[in-house]
Amino acid sequence: MKNSIYHRKDGRYEGRITIGKKENGLRKFLSFFGRTYDEVTQKMDAVRQNLQPSCVCSKTVSQVFNEWYQGVRYRVKESTAANYMLKAKKHILPVFGEKSVDAIQASDIYDFISSRQSMGLSNRYITDILVLMKSIFKFAVRTYRILNPMDGIMMPKRKNPEIRLLDDAQLQKLEQYIAKNPSKTTMGVALCLTTGLRIGELCALQWEDIDLKKRVLTVRKTIQRIQKPNGKSKTSLIITEPKSESSKRCIPIPECMVNLLKKFMGKSKDYLISGKEKPIEPRTMQYRFAKILKNVNLPSIHFHALRHMFASNCIKLGFDVKALSEILGHSNVEITLNRYVHSSFAQKQAYMSRVQLQI
């Protein structure tokens, strides 16, 4: 049995539950109507109580999660598995852990969404939690033949967060500071400003990844600190493959970076930012960047803003969006345009000055 909810053209919501098949093999539905999504959900939940399958599962959500987790933990990256465990322990299991999987209803899911929103979690993060829950309950449906409470759940609207960037004058001050204070740290900042590297990719860069003769930088790995589910240490610093297959890439090194890179070049196995065979972690790089901004009397911005500033600058310089997307390591150009390209008001004014009307 499966349910779905649709917004009709007449303004009402319609929900349908699949209750089997007709003699001709087509699916058989029960339909519900209401003025709001929640009204339809409540009607459907009331009826679903009488449509429970004959197979009743007494397993708790906690037990099912552990079964699901044991099956996926070796099929995903270590950082991904750690992320699953963190979200489950912090959000899912405290609310649903001791409840039977066949007792969870859509109304419980919506109450959970509201509770996370009241805690101040972003809709984007809540959606990530719900996606994890979908995987867990899909496993429960397949294994124990329960009704899936996640079917038809409307995800909270996700908003891309506003990223604070430096304006042209502020960026010039930062560039002047880098020029006057060359170091491995300022070299790293400059590299991100001119290549759009993620902070984890920067910290994982070794000199063997830099070919100054061919002017090419190769991204093969990233570094991050993850939560450890077991063991004495709560967290662990790991070096792993980049975020996605598209993140493995070769980036042409701009000419303006060549002399600075040559100045600090080390052994092939040395890491660029640490200058040793042991890397520094991204958090340390963030602290160093924050100190630089304070020294130059610039507003506090996140290190990741350098990647956004690089992307926006490339658009100003006339980069082809497809090429820029590949340099950034995105899987498609929509991510590049929707998240990383920012137009300043001055730029919009310049564009609008081109509009002409003979009146």
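Helix 9 covers residues 255-263, and its buried residues are M257, V258, L260 and L261. Buried here means under 20% relative accessible area, exposed means over 50%, and partly exposed is what sits in between, with a 1.4 Å probe and protein chains only. Helices are DSSP runs of H or I with at least four residues, strands are runs of E with at least two, and both are numbered from the N terminus. Part of what covers the buried residues of helix 9 is helix 7. One cysteine falls within the range of helix 9 too: C256 has 59% relative accessibility, so it counts as exposed.

A quick word on the ground rules. This is a predicted model, where local features need pLDDT of at least 70 and side-chain atom pairs count only at pLDDT 80 or more, while totals for chains, interfaces and linings use all residues. Residues are numbered from 1 along each chain as its sequence is written, and side-chain values use heavy atoms, with hydrogens and water left out.

Now over to helix 7. It runs over residues 184-195, 12 residues in total, and spans 16 Å from its first C-alpha to its last. That is close to the expected 16 Å at 1.5 Å a residue, where the expected span is 1.5 Å times one less than the number of residues. Of those 12 residues, 10 are buried, so helix 7 is largely enclosed by the rest of the structure. The buried set is T185, T186, M187, G188, V189, A190, L191, C192, L193 and T195. Right after the helix comes G196, with a positive phi near 75°.

Which residues does T186 touch, once those up to four places away in sequence are set aside? They are Y177, I178, N181 and I292, with contact meaning heavy atoms within 4.5 Å. T186 sits in helix 7 and has 2% relative accessibility, so it counts as buried. Its side chain also reaches the backbone oxygen of N181 at 2.9 Å. That is a polar contact, a pair of N or O atoms within 3.5 Å; within protein, one must be able to donate a hydrogen and the other to accept it, and residues adjacent in sequence count only if both atoms are side-chain atoms.

W207 ties several of these pieces together. You'll find W207 in the loop between helix 8 (199-203) and strand 4. Is W207 buried or exposed? It is buried, with a relative accessible area of 5%. Leaving out residues up to four places away in sequence, W207 touches M187, L261, F264, M265, G266, K267, S268, D270, Y271 and L272. Two of these names have come up before: M187 is among the buried residues of helix 7, and L261 is among those of helix 9. The C-alpha atoms of W207 and L217, 10 residues apart along the chain, are separated by 9.3 Å.

That brings us to the strands. An open sheet of 3 strands has the order 4-5-8, with antiparallel pairing. Strand 4 (210-211) and strand 8 (249-252) stand at the edges, each with a single partner strand, so one side of each is left without a neighbour in the sheet. Strand 4 pairs with strand 5 (residues 216-219) in the antiparallel sense over 2 bridges, and two strands pair if DSSP finds at least two bridges between them. I210 has L217 of strand 5 as its bridge partner.

Elsewhere, strand 6 (residues 222-227) and strand 7 run antiparallel and are joined by 6 bridges. One bridge links I226 to S236 in strand 7. Along strand 7 (residues 235-240) the side chains alternate: S236, I238 and T240 point to one face and are buried, while T235, L237 and I239 point to the other and are not.

Another spot to look at is S100, in the loop between helix 3 (78-96) and helix 4 (106-118). Its C-alpha is 5.5 Å from that of K59, although the two are 41 residues apart along the chain. Besides K59, S100 touches C57, S58 and T60, not counting residues up to four places away in sequence. The side chains of S100 and D102 share a polar contact of 2.5 Å.

Finally, the whole chain. It has 14 helices and 8 strands, and 41% of its 359 residues count as buried. Residues 24 or more positions apart account for 60% of the contacts with a separation of 6 or more.
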